Amino acid sequence: MAVEVLAPGTQTTVQDLPGRLGLWGVGVPPSGAWDDLSFALANRAVGNPVGAAGIEAVLRGPVLRIRRPVRICVTGAATAATLDGTPVPLGRPLAVFAGQTLDLDQLLANVAEIV
């Protein structure tokens with residue numbers, strides 16, 4: 001397990017690109033990341049394929065304890081994101097170490113992407 005959820009945030013989901021397509025016939029609407037450009041750029045920033053899964057939050061982001069070293073990139077409206085209380089730079093890859101806590105806090109607009 002790489003992440004422990006300390007607080008879920010509002011409508012926090014795991015998404016990918018392009019999401020589920022072509023399933024309207026069985027009642028599943030198209031899905032995937034809402035802010036697909038920010039999502040794709042975050043994935044590229046950490047060296048993932050553009051469509052790799054990531055976390056998307058609406059209104060209030062989650063609080064996550066990182067359990068193993070990872071590289072993250074926070075994009076979108078997460079202007080108050082912190083890592084152990086230190087502001088997280090948006091749109092830049094960041095090394096996170098085991099035991100650190102990422103808090104996405106209130107989102108300035110609608111959506112934040114965490115890859």
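Select Gln 100 first: its side chain reaches the backbone nitrogen of Phe 97 at 2.8 Å. The model on display is predicted. Gln 100 lies in the loop that runs between strand 9 (94–96) and strand 10 (101–103). With a relative accessible area of 15%, Gln 100 counts as buried, because the cut-off for that class is under 20%. To see its surroundings, display Leu 64, Arg 65, Ile 66, Leu 83, Asp 84 and Ala 95, with which Gln 100 is in contact once neighbours within four places in sequence are set aside.

Next, select Gly 9, in the loop between strand 1 (3–7) and strand 2 (13–15). Gly 9 is partly exposed, at a relative accessible area of 28%. Beyond its neighbours within four places in sequence, Gly 9 is in contact with Arg 60, Gly 61 and Pro 62. A distance label drawn from the C-alpha atom of Gly 9 to that of Val 88, 79 residues away along the chain, should read 17 Å.

Proceed to Val 28, which belongs to the loop between strand 2 and helix 1 (36–45). Val 28 is partly exposed, with 33% relative accessibility. Add Leu 23 and Val 26 to the selection: together with Val 28 they form a nonpolar surface patch of about 240 Å² of accessible area.

Finally, move to helix 1, where Ser 38, Phe 39, Ala 40, Ala 42 and Asn 43 are buried. The tour ends at Gly 47, just after helix 1, where the backbone takes a positive phi of about 85 degrees.

Definitions and conventions
Residues numbered from 1 in each chain as written. Predicted model: local features only at pLDDT ≥ 70, side-chain atom pairs only at ≥ 80, totals over all residues. Heavy atoms only, no water. Helix = DSSP H or I, 4+ residues; strand = E, 2+ residues; numbered from the N terminus. Buried < 20%, exposed > 50% of the residue type's maximum accessible area, 1.4 Å probe, protein only. Contact = heavy atoms within 4.5 Å. Patch = residues over 30% accessible without salt bridge, like charges linked within 9 Å, V, L, I, M, F, W, Y side chains within 5 Å. Areas by Shrake-Rupley, 256 points an atom, 1.4 Å probe, with all protein chains shown as cover. Salt bridge = Lys/Arg side-chain N within 4 Å of Asp/Glu carboxyl O. Polar contact = N/O pair within 3.5 Å; in protein donor to acceptor, adjacent residues only side chain to side chain.
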